[in-house]
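Please load the model in a viewer and keep the sequence panel open beside it. The tour below proceeds from the whole chain to individual side chains, with a selection proposed at each stop.

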Amino acid sequence: KAGNNDNDDGDNGSKAGERAERLLRRMQNLYKDGNVDVKPDTITYNSVLDAWVSTKKFEGSVYTSPKDEEDRRYAIQSAERILREMEDVYEKEGKAGGVIPDVISYNILMDAFGKSEEDGSAERAEEILRSMEEKYASGHYDHLRPSNISFNICINAYAKSGESGAASRAESLIKRMIELTDRAKENNEDSSSVQPCTISFTSVIDAISKSGESGAAVRAESLLHDMQVSNHARPNTVTFNTVINALSQSGEKGAAERAEAILRQMEEMRQSGDMYVAPDT
């Protein structure tokens with residue numbers, strides 16, 4: 001994997017990304033000159049995408065100066081450009097061309113936006129997700145069905161953003177996942193790839209907990225209840241702790257008692273043999 005080192009950050013973004021893209025161009029030139037063994041494919045392009053946005057310093061919490069923000073934007077713009085190039089090749093050559101923008105390609109870019117934590121980055125990640133859904137529905141990109149990882153990236157981006165309305169957007173995404181899962185089951189199709197998992201629900205609860213909105217604790221409790229009565233996913237210690245945190249921050253009357261009741265429930269589940277739930281410090 002190219003990059004993943006603090007020293008890989010250059011003046012205009014990731015040196016790893018620049019080196020990876022130079023290798024891509026070299027492969028393209030060699031292929032044009034007749035060397036069919038080095039034709040770039042989906043893995044090649046995805047590696048370049050990953051190199052542009054996967055340095056350790058890409059986390060938004062690390063970037064503090066205007067120069068850092070400029071580098072981050074350059075890296076994301078470069079990754080977007082590479083993805084557009086993949087789409088152009090696919091439109092011209094189809095699957096036979098060997099360059100097929102897949103779920104991993106789009107997930108890499110969505111994850112970059114989510115980790116950047118800039119204003120509007122979560123919305124941009126969701127725009128990419130919607131684009132995936134539209135392309136998949138068109139039939140021309142029948143390999144581009146968004147996975148639960150795709151949705152989780154967007155949900156987590158909203159949870160980290162702290163922006164107004166982020167919790168509601170995260171909730172709408174998990175409702176969309178449940179809708180797609182139920183529809184797939186009705187059509188006797190595989191639903192496992194898009195079914196919300198424990199991480200999905202916990203991330204939404206986290207977004208609700210951080211929202212500071214009126215009624216946030218009730219919404220968090222409601223989502224926990226939905227997990228427990230459905231067969232979509234099972235709550236774990238982190239899930240319960242996140243709901244307890246929502247209650248502790250709510251200031252609502254009776255919140256402490258409700259939090260204590262959840263703690264007792266965790267203890268009972270642990271005693272009954274549930275290894276996924278254990279009260280901690």
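**The chain as a whole**

Begin with the full chain selected: of its contacts with a separation of 6 or more, 66% are between residues 24 or more positions apart, a contact being heavy atoms within 4.5 Å. This is a predicted model, in which local features need pLDDT of at least 70 and side-chain atom pairs count only at pLDDT 80 or more, whereas totals for chains, interfaces and linings use all residues. Residues are numbered from 1 along each chain as its sequence is written, and side-chain values use heavy atoms, with hydrogens and water left out.

Switch to a cartoon representation. Eleven helices and two strands make up the secondary structure; helices (H or I, at least four residues) and strands (E, at least two) are DSSP runs numbered from the N terminus. Followed from the N terminus, the order of elements is β-β-α-α-α-α-α-α-α-α-α-α-α. Aligned to the principal axes, the C-alpha atoms fill a box of roughly 70 × 50 × 35 Å.

Now display the surface. The accessible surface of the chain is about 14,300 Å², and carbon and sulfur atoms hold 48% of that area. Such areas come from the Shrake-Rupley method with a 1.4 Å probe, and for residues only the protein chains shown count as cover. Of the 281 residues in the chain, 46% are buried. Here buried means under 20% relative accessible area, exposed over 50%, and partly exposed in between (1.4 Å probe, protein chains only).

Colour the side chains by charge. The chain carries 35 positive and 50 negative side chains, and the centres of the two sets lie 2 Å apart. Lys and Arg count as positive and Asp and Glu as negative, while His and the chain ends are not counted; each charge is placed at NZ of Lys, CZ of Arg, CG of Asp or CD of Glu.

**Stop one: the salt bridges of helix α5**

Select residues 121–138, which form helix α5. How many salt bridges does the structure hold? The structure holds 24, a salt bridge being a side-chain nitrogen of Lys or Arg within 4 Å of a carboxyl oxygen of Asp or Glu.

Show E126 and R130 as sticks: they form a salt bridge whose closest N and O atoms are 3.0 Å apart. The two residues are four positions apart in helix α5, so about one helical turn separates them. E126 is buried, with a relative accessible area of 6%, whereas R130 is partly exposed at 27%.

Add E133 to the selection. Its side chain meets that of R130 in a salt bridge of 2.8 Å, N to O. R130 and E133 are three residues apart in helix α5, about one turn of the helix. E133 is buried, its relative accessible area being 13%.

**Stop two: helix α11 and the network**

Move to residues 255–271, helix α11, where E260 and R264 lie four residues apart, about one turn of the helix. These two side chains form a salt bridge, with the closest N and O atoms 3.6 Å apart. Both residues are partly exposed: E260 has a relative accessible area of 47%, and R264 has one of 42%. Next, select E126, R130, E133, R169, R176, E179 and R183, which are joined into one network by salt bridges that share partners.

**Stop three: R124**

Return to helix α5 and select R124. This residue is partly exposed, with a relative accessible area of 27%. Beyond its neighbours within four places in sequence, R124 is in contact with E80 and F113. A distance label from R124 to A207, C-alpha to C-alpha, should read 17 Å, for a separation of 83 residues in sequence.

**Stop four: S200**

Select residues 198–211 to display helix α8, in which S200 is placed. Is S200 buried or exposed? S200 is buried, at 0% relative accessibility. Outside the neighbours within four places in sequence, its contacts are N152, I155, I174 and M177.

**Last stop: the cysteines**

Finally, select C154 and C197. The whole structure contains zero disulfides, a disulfide being a pair of cysteine sulfur atoms within 2.5 Å. Why is C154 not bonded to C197? The closest cysteine sulfur to that of C154 is in C197, 14 Å away, which is too far for a bond. C154 is buried, with a relative accessible area of 0%, whereas C197 is partly exposed at 24%.
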